[in-house]
Amino acid sequence: MTTEDRTRDGFADFVRAETAGLTRFAYLLTGDRHHAEDLVQVALARVAVRWERVDDPPAYLRRVLCTQAASWWRWRRARPPERLGGVLPERAGPGDDPDLRLVLSAALARLTVRQRAVLVLRYYEDRTETETAALLGCRVGTVKSQTRHALGRLRVLAPELAELVGRAPQEVTR
């Protein structure tokens, strides 16, 4: 980013450009639209404080979203589980199957926060293993193993997703 982009107006432009994508990303991490919006606000507040010093604001924001989602998950684990409801923030494309999307959302909600973050970064945001590792602050090997475990768990939780995930559930070793 240029020095001109590091002004208050540059931050406002950045927020306008990135908020929708960050909200979708946060929704996929949390499974709850309102929680996702809160998560994005916390992340943006952290970036605003460090705006002039952050080298890669989109990457920093995604890392804050992932770590904050994990922190909130630990804090909220004593509360009863929330149910998905309402309208998903992303728009449906012409070939989207709403039933499949609901099954996928329910299955993602049953994964750990780390597994969900890895799958969202790798497959929804189409990030490489290296980029995902950098965003999550872990090693590439951890991303690989978390991806393998998460996909295996999806195969067991939602066999109807077999065409998206790959192998059939009986092929998964526990």
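**Exercise 1. E129 and its partner**

Task: Classify E129 as buried, partly exposed or exposed in this predicted model, then find which side chain E129 meets in a salt bridge.

Solution:
- Step 1. The relative accessible area of E129 is 28%.
- Step 2. Buried requires under 20%, and exposed requires over 50%. E129 is therefore partly exposed.
- Step 3. The side chain of E129 meets that of R122 in a salt bridge, at 4.0 Å from N to O.
- Step 4. R122 has a relative accessible area of 17%, so R122 is buried.
- Result. The salt bridge joins R122 and E129. R122 is buried, whereas E129 is partly exposed.

**Exercise 2. A pair within one helix**

Task: State which residue forms a salt bridge with E37, and explain why the two are separated by about one helical turn.

Solution:
- Step 1. The partner of E37 is R33. Their closest N and O atoms lie 3.4 Å apart.
- Step 2. Both residues belong to helix α2, which covers residues 33–50.
- Step 3. They are four residues apart in that helix, so about one helical turn separates E37 from R33.
- Step 4. Check the accessibility. E37 has a relative accessible area of 32% and is therefore partly exposed. R33 has 38%, so R33 is partly exposed.

**Exercise 3. A pair across the chain**

Task: Locate E125 and R62 along the chain, and say whether they are buried or exposed.

Solution:
- Step 1. E125 forms a salt bridge with R62, with closest N and O atoms 2.7 Å apart.
- Step 2. The pair links distant parts of the chain, 63 residues apart. E125 sits in the loop between α5 (113–124) and α6 (129–136). R62 sits in helix α3 (residues 57–76).
- Step 3. Both E125 and R62 are buried.
- Step 4. Extend the picture. R62, E125 and R127 are linked in a network of salt bridges.
- Step 5. Count for the whole structure: five salt bridges.

**Exercise 4. The surroundings of T30**

Task: Place T30 in the secondary structure, classify T30 as buried or exposed, and list which residues T30 touches beyond four places in sequence.

Solution:
- Step 1. T30 lies in helix α1, residues 8–30.
- Step 2. The relative accessible area of T30 is 18%. The buried class takes values under 20%, so T30 is buried.
- Step 3. Look for a polar partner. The T30 side chain reaches the backbone oxygen of D32 at 3.1 Å.
- Step 4. Leave out residues up to four places away in sequence; T30 then touches H35, A36, L39 and R116.

How values were computed: Residues numbered from 1 in each chain as written. Predicted model: local features only at pLDDT ≥ 70, side-chain atom pairs only at ≥ 80, totals over all residues. Heavy atoms only, no water. Buried < 20%, exposed > 50% of the residue type's maximum accessible area, 1.4 Å probe, protein only. Polar contact = N/O pair within 3.5 Å; in protein donor to acceptor, adjacent residues only side chain to side chain. Contact = heavy atoms within 4.5 Å.
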